[in-house]
Amino acid sequence: MALWDQLRDLEVVIEDVGTEKRSVAVSTQFTRVTTTIVLSGQGEVGRGEDVTYTAEDHDWFPRLLPPGRATLGALGTQLDTLRLFQGEPKMGASSDYRRWAFESAALDLALRQNELSLGAAVGRDYHPVRFVVSTRANAFAWLAHNPELELKLDPENDWDRAFMERLASTDRVRVLDFKAYYTGTPVDVAPDPQLYRSAAELFPEAVLEDASLDGECGEVLRGEEARLSFDAPIHSVDDVRALPVSPGWLNVKPSRFGKLARLLEFIEHCQRNGIQMYGGGQFELGVGRRHIQVLASLFYPEGPNDVAPSEYNAGNPRPGLPSSPLVPPAALGF
């Protein structure tokens, strides 16, 4: 039985809708803002986090009319007609991010009202979650603090071979994210065939994420398909089918899919086609972080999951940070 079919008829009663805004000053140039959708009914509360990146898009939220009793499938149909932003969002992906906040909140509430965990609802067991630490700061400082950490790093165009050899000698780099599919963001990295060549050679076991396959960059990575992965271009199974290669890996960011049904279809497609998965984060400040950890626990616990606890986004290396693997969740809800 398909995963979505196990959830679509789950009933939910929504009596009230609210929002909770959170923000963290990351730097003088960037304040991270997210908004949690809060759905309540029958004495239970369900939450889902909108990870839209532009702060001003969090100033207005739609009012979801309480539908009384409905199924998750019927609620999804209602969301298809909901105006999610007052005007056009600053980023096109934001519509999926906000849609996911409503869908994940409704799922959380429905599970709690029916006294279920997500694992129980889909008939799957929870497992300890291996996680990597994604950082654009000093990787060596993190490893000096904890030599057992596994890392996800973003290669920069100014990485020279000596620096990359030093990184490779640590044997702790599990994913290299080339960021080739971002445009107009602070994390853009221009595709560089020499950078790709050195990365593929010096990190022979690392997953290579979001590398450009155009021109010489694609030639450099020919034969590396089993460790290629994609993130930013993937929002549905159709996007996977449209890739120019058959990748060995894919990064799963639930908020990119917008709809729960679309996400679950994607997970099943990967399972059927032997594509390995690992979870990815969106700098969540609230419940969204737990949601990506729960999905990893159920479907891809042993991958190099970029779902480290939020404490890793809140400062420098320091004592007391959680270690990998994460303990499986045991609570009701999402």
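1. In this predicted model, the charged group of R83 sits over the face of W60, at 5.8 Å from the ring centre. A second arrangement of this kind involves R166, which lies over the face of F140 at 3.7 Å from the ring centre.

2. Turning to contacts between rings, a search of the whole structure finds 10 aromatic pairs. One of them joins F140 and F163, whose ring centres are 5.9 Å apart and whose planes meet at 85 degrees, so this pair is classed as edge-to-face, the cut-off being over 60 degrees. Because F140 belongs to helix 4 (residues 139-145) and F163 to helix 5 (residues 161-169), the pair ties together parts that are 23 residues apart in sequence.

3. The two partners should be described separately as regards burial. F140 has a relative accessible area of 16% and is therefore buried, the limit being under 20%, whereas F163, at 31% relative accessibility, counts as partly exposed.

4. Helix 4 also contributes W142, which forms a tilted aromatic pair with Y312, with 5.7 Å from centre to centre and 35 degrees between the planes. This pair links distant parts of the chain, since W142 is in helix 4 while Y312 is in the segment after helix 11 (287-299), 170 residues apart. Both W142 and Y312 are buried.

5. The pair of W142 and Y312 should also be read in its wider setting, as these two residues and F131 form one aromatic cluster.

How values were computed:
Residues are numbered from 1 along each chain as its sequence is written. This is a predicted model: local features need pLDDT of at least 70, side-chain atom pairs count only at pLDDT 80 or more; totals for chains, interfaces and linings use all residues. Side-chain values use heavy atoms; hydrogens and water are left out. Rings of Phe, Tyr and Trp (its six-membered ring) pair if their centres lie within 6.5 Å; planes under 30 degrees apart count as stacked, over 60 as edge-to-face and the rest as tilted. Helices (H or I, at least four residues) and strands (E, at least two) are DSSP runs, numbered from the N terminus. Buried means under 20% relative accessible area, exposed over 50%, partly exposed in between (1.4 Å probe, protein chains only). A charge sits over a ring if NZ of Lys or CZ of Arg is within 6 Å of the ring centre and within 35 degrees of the ring normal.
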